[in-house]
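This report describes the voids, one helix pair and a few individual residues of the model shown below. Please keep the sequence and the coordinates at hand while reading.

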Amino acid sequence: MNSPFRISAVVPSYNRPDFLRRVLLAFSAQTRLVDELIITDDGSNVDIASGVADVLPGLPFPVTLVSQPDEGFRAAKCRNNGIREASGDYLIFGDQDIVFAPSYVAMFVSHARPREFLVGYPVRLDGAATTQLTDQIIRDGTIGGLASRTERRAVRKQYRKDTWYRFLHALRLRRIGPKLRSGVFGAWRADLLALNGFDEEYRGWGNEDDNLGIRMHRAGIRGRNVFHEALTVHMYHPPHREGEERSNAEYHERQRRAVHRGAVRAEHGVVNPLGAVLPTRTVLHEPGR
């Protein structure tokens with residue numbers, strides 16, 4: 001399946017090459033392949049390149065690793081590193097703990113529209129189901145079989161809810177449409193650059209994707225959920241945080257008010273990034289070489 005635009009996949013990583021290699025396998029099994037994949041690492045203390053080396057030779061797209069030093073949880077800056085590296089017209093963002101069915105990328109391609117971003121909603125596997133997720137299941141595209149009936153209903157319920165939110169936003173009865181979920185998210189690179197990407201002032205866990213979603217809606221770039229099937233699954237792992245407190249909560253509330261007054265462009269983002277140390281860049285794989 002071809003498309004008239006180039007697609008870049010951007011996948012943040014941190015210390016879980018065992019999960020990340022599954023994401024690479026899922027991208028290699030797509031009916032519409034991405035044109036490149038960028039792994040953007042947030043200062044792992046394990047060797048990410050070695051951890052995915054066994055799957056790299058079979059990948060039909062180039063893979064680049066962009067790494068920043070470990071200065072705590074910096075997901076916003078990490079994703080911006082991927083945006084800067086990406087050459088595609090359309091960017092599909094994943095997470096190292098989310099894998100998907102073979103029609104996933106094709107769904108983005110067939111539904112991509114100007115001035116719009118797309119989001120999905122993953123099935124959350126428990127520990128037992130995660131152990132059943134083998135390389136062969138990913139290659140065969142049968143990950144949906146790991147989702148229970150209840151979990152599949154939850155995906156459909158979220159699809160209906162997001163569609164309703166989009167309708168209310170169009171009528172100006174709600175400030176935003178569906179929430180931007182950065183692990184199952186696609187957007188035009190030009191739209192991201194217009195807003196200067198993720199706000200790098202978000203450091204520590206939480207709210208950086210909420211902020212981008214609010215800014216996109218305020219700028220007239222509306223969200224839409226087109227994923228009413230269980231096409232993505234989230235692999236179980238211990239949480240990256242203690243409790244439910246988000247370290248950016250106070251800053252996020254200030255920014256939310258600023259955005260609603262019209263401040264849609266991040267001061268520190270793809271342009272004017274925070275930090276003096278530049279990320280390193282390593283080409284991990286080029287097909288045919």
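## Voids, a helix pair and single residues

The structure holds one cavity of 30 Å³ or more. This is a predicted model, in which local features need pLDDT of at least 70 and side-chain atom pairs count only at pLDDT 80 or more, while totals for chains, interfaces and linings use all residues. Residues are numbered from 1 along each chain as its sequence is written, and side-chain values use heavy atoms, with hydrogens and water left out.

On a 1 Å grid over the protein atoms alone, a cavity is a set of points where a 1.4 Å probe fits but cannot get out, whereas a pocket is an open set with protein on both sides within 12 Å along at least five of seven lines; lining residues have an atom within 4 Å of a point. Grid points are joined across faces, edges and corners, and a volume is the space filled by probe spheres set on the points. For residue classes, Ala, Val, Leu, Ile, Met, Phe, Trp, Tyr, Cys and Pro count as nonpolar, Asp, Glu, Lys and Arg as charged, and the others, Gly among them, as polar.

| Void | Volume | Lining by class |
|---|---|---|
| Largest pocket | about 1100 Å³ | 14 nonpolar, 10 polar, 13 charged |
| Second largest pocket | about 210 Å³ | no nonpolar, three polar, five charged |
| Largest cavity | about 30 Å³ | four nonpolar, two polar, one charged |

Of the 37 residues that line the largest pocket, Asp 95, Asp 97, Arg 124, Trp 205 and His 234 are the closest to its centre. Helices and strands are DSSP runs numbered from the N terminus (H or I over at least four residues, and E over at least two, respectively). At least two lining residues of the largest pocket come from each of β1 (7–13), α3 (75–85) and α9, and the largest share, three residues, is supplied by α3.

The second largest pocket is lined by His 169, Arg 172, Arg 174, Arg 175, His 217, Arg 218, Arg 222 and His 260. Arg 172 lies in the loop between α7 (149–170) and β8 (185–188), and has a positive phi of about 60° although it is not a glycine. Most residues other than glycine have a negative phi. Because its relative accessibility is 80%, Arg 172 counts as exposed (exposed means over 50% relative accessible area, buried under 20% and partly exposed in between, with a 1.4 Å probe and protein chains only).

Helix α9 (residues 208–218) packs against helix α10 (residues 249–260) at an angle of about 5°, with the axes 10 Å apart; α9 and α10 are therefore roughly parallel to each other. Here axes are lines fitted to C-alpha atoms, for helices over the stretch in contact, and angles run from 0 to 180 degrees between N-to-C directions; angles under 35 degrees count as roughly parallel, over 145 as roughly antiparallel, 65 to 115 as roughly perpendicular and the rest as oblique. Contact (heavy atoms within 4.5 Å) involves Asp 210, Asn 211, Ile 214, Arg 215 and Arg 218 of α9, together with His 252, Gln 255, Arg 256, Val 259 and His 260 of α10. Helix α9 is mostly covered, with 10 of its 11 residues buried, and Gly 220, just after α9, takes a positive phi of about 90°.

Thr 130, found in helix α5 (residues 127–131), counts as buried because its relative accessibility is 7%.
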